[in-house]
Each structure stands twice: as C-alpha cells, then as structure tokens.
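Colleague: I would like to go through this model with you, beginning with its charged contacts. Could you first set out the term we shall need?

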Amino acid sequence: MKFTKIVLLLMCVVVFQSCATKEKETLSTGNWLLASINNAPINKSNVLPTLSVDIEKMMLFGNGGCNNYSGSIKSITQGNISIGNIASTSKACVNRDIESDYYKALNTIKTYTVSGKELTFFDEDGSVVLLFLKQKEVLKETEKIVNKRLHDIWAVTQIDKKAIDKTAKTPSLEINLTTMKVMGNDGCNNFSGTINEVSDTKFVIDNLASTRKMCPNMDVVNNFNKAINSVISYKLDSLNLILLDANGKEVLKLLKVD
C-alpha cells in the first residue's frame, strides 16, 4: 500500500514538473515583431520595431522603426535576462517617437516569458513593457491585409513633400501584386518595373524601364523618377500611400484614384 502511494506521488511530481516546463519556455534564437509597448497598441501605419535573438553569439539586434540597433546578452536563464548597452545608428527619420519609446522599454527588461508565438518582456517591477509576436507568422497575416490595399492605382500628389505643379501632368502608379509588377506614367513617359520585395512595410522595385520622349515640363518627370528609384518602404494612411527612402524620408505621397 505504501509502495503504491509512493509511486502515485512520484507520478504527480513528474507530471507537475512536465507541465511547469511546458508553461515556461527558454528564449531561443529567432525573429520577432513588436506588438505593444507598455501594454499600449501600436499604430500599424508606423514601421514596427523588430527583434532578432542569437543565443549562440549572445546577441540581440534589429530595427527600432528607423535605425538599426544591437546589444549583447550578458546572461540568460529560464525567465531571466540581462542585456548590455544598446547601440544604434543615428539617421533622421519621419517618425522617431515609437523608436524612442522602444529603446527606453528595451533597456528596462529584466524577465521574460515565451508562450508559443508570443514573447513578453517585464521590468523589475513585473510590469509588461514589450510584447512581441513571431515575425514570420505576423507577416503572413499582415501581408494579406495590407497587400489588398496596396494593390491599386495611385496618383502622385506630392514629391519630397512638395505639391505637384498644377500645370504639369500628374504622375501615376499602378501596383499589381498578382503579377508583382508596377506600371504608370511619370508625367511624360510610360514606365514599368518588377516588385522585388513587398511586406507589411517593405516595397522595393527593380528593373524600371520607360519610354524616352521629351515633354515641355521635365522637372516633375525628373523629380518623380529620382524619388521612385529611392523607395524601399511605405505607409498607408487612409486613402494615401506614402513611399519612403532608406532614411525613412517621405519621397512620394499618392492618393488612391479608383
């Protein structure tokens, strides 16, 4: 009888330990996309900060929404983490608010939990400061939503934040995500190109080619072509499409026309 009780007790201990292990996962190498800061939702029109963890090299790095950053992992155990100073590039960007808040929160993390597709960081008081989702899973979902809006015909309203001259022909851009092609008119010549990369924030065009006729007003044409060739990311704001260069600078603003 005593033997049976001991066996049952040991089984309960083993089951309890097994369950506890499943509830608490240790952070491993992987890529994450920020979902919230200090339990507050993030405006999805912003470029979302990313976090990559490399346990073998004891490093973390990513993009804060504008600048790239990196830092060392001083120590990590199941549920506890200590990171070194965070260093980042210092280019000027359109929206730096989210990046400032992100770095501030990142420097306060002391503990964490990993639960499936979620990574949560806490400060020394146990308050949630950062919540991440598995990057590839998020992109699969956000691409389905954002791409439907991106797939459209757009008219340029501003180049480098300057309104189009009303006496000039308005450049247009058609984005076709089915064929992964772009086409349009630069205000004089027709052009076409290939979409090399597209996601919830990225938009990279390659192999742009156009006709070569001359028109009375080539200023808009030249400015548009310079801008479109510098685009690497975008934001959607209601019926507006904002295209950004590598520095996060707005180079083109377009309005949905159909």
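Modeller: A salt bridge here is a side-chain nitrogen of Lys or Arg within 4 Å of a carboxyl oxygen of Asp or Glu. Please keep in mind that this is a predicted model.

Colleague: How many salt bridges does the structure hold?

Modeller: The structure holds one. Asp152 pairs with Lys256, and their closest N and O atoms are 2.5 Å apart.

Colleague: Which parts of the chain does that pair tie together?

Modeller: Asp152 lies in the loop between helix H3 (135-150) and strand E11 (153-159), while Lys256 belongs to strand E19 (residues 250-256), so the salt bridge ties together parts that are 104 residues apart in sequence.

Colleague: And is Asp152 buried or exposed?

Modeller: Asp152 counts as buried, because its relative accessibility is 12%. Lys256, at 31% relative accessibility, counts as partly exposed.

Colleague: Turning to covalent links, how many disulfides are there?

Modeller: There is one disulfide. It joins Cys188 to Cys215, with an S to S distance of 1.9 Å. The link of Cys188 and Cys215 is right-handed, with 80 degrees about the S-S bond.

Colleague: Where do Cys188 and Cys215 lie?

Modeller: Cys188 is in the loop between strand E14 (181-185) and strand E15 (190-198), and Cys215 is in the loop between strand E16 (203-210) and helix H4 (219-228), so the pair ties together parts that are 27 residues apart in sequence. Cys188 counts as buried at 4% relative accessibility, whereas Cys215 counts as partly exposed at 21%.

Colleague: Next, aromatic residues. How many aromatic pairs does a search of the whole structure find?

Modeller: The search finds eight aromatic pairs. One of them is formed by Phe203 and Tyr234, whose ring centres are 6.3 Å apart and whose planes stand at 80 degrees, so the pair is edge-to-face. This pair links distant parts of the chain, with Phe203 in strand E16 and Tyr234 in strand E17 (residues 233-237), 31 residues apart. Both Phe203 and Tyr234 are buried.

Colleague: Which residues do ring pairs link into a cluster?

Modeller: The cluster consists of Tyr69, Tyr102, Tyr103, Tyr112, Phe121 and Phe132.

Colleague: Let us take Tyr69 from that list. Where is Tyr69 found?

Modeller: Tyr69 is found in strand E5 (residues 68-77). Tyr69 counts as buried, since its relative accessibility is 3%. Its C-alpha atom is 6.7 Å from that of Ile86, and the two residues are 17 apart in sequence.

Colleague: What about internal space: how many cavities of 30 Å³ or more does the structure hold?

Modeller: One such cavity is present. The largest cavity contains about 40 Å³ of space.

Colleague: Which residues line the largest cavity?

Modeller: Its lining is made up of Leu27, Leu51, Val53, Leu60, Ile73, Ile81, Leu106, Ile109 and Phe121. By class, that lining has nine nonpolar residues, with no polar and no charged ones. Phe121 was also named in the aromatic cluster.

Colleague: One last residue, please. Is Ser90 buried or exposed?

Modeller: Ser90 counts as exposed, because its relative accessibility is 70%. Ser90 lies in the loop between strand E7 (87-88) and helix H2 (97-106). The C-alpha atoms of Ser90 and Asn68 are separated by 8.6 Å, with the two residues 22 apart along the chain.

Definitions and conventions
Residues numbered from 1 in each chain as written. Heavy atoms only, no water. Disulfide = S-S within 2.5 Å. Helix = DSSP H or I, 4+ residues; strand = E, 2+ residues; numbered from the N terminus. Buried < 20%, exposed > 50% of the residue type's maximum accessible area, 1.4 Å probe, protein only. 1 Å grid on protein atoms, 1.4 Å probe; cavity = no way out; pocket = protein on both sides within 12 Å on 5 of 7 lines; lining within 4 Å. Points joined across faces, edges and corners; volume = space filled by probe spheres on them. Nonpolar A, V, L, I, M, F, W, Y, C, P; charged D, E, K, R; others polar. Phe/Tyr/Trp six-rings, centres within 6.5 Å; stacked < 30°, edge-to-face > 60°.
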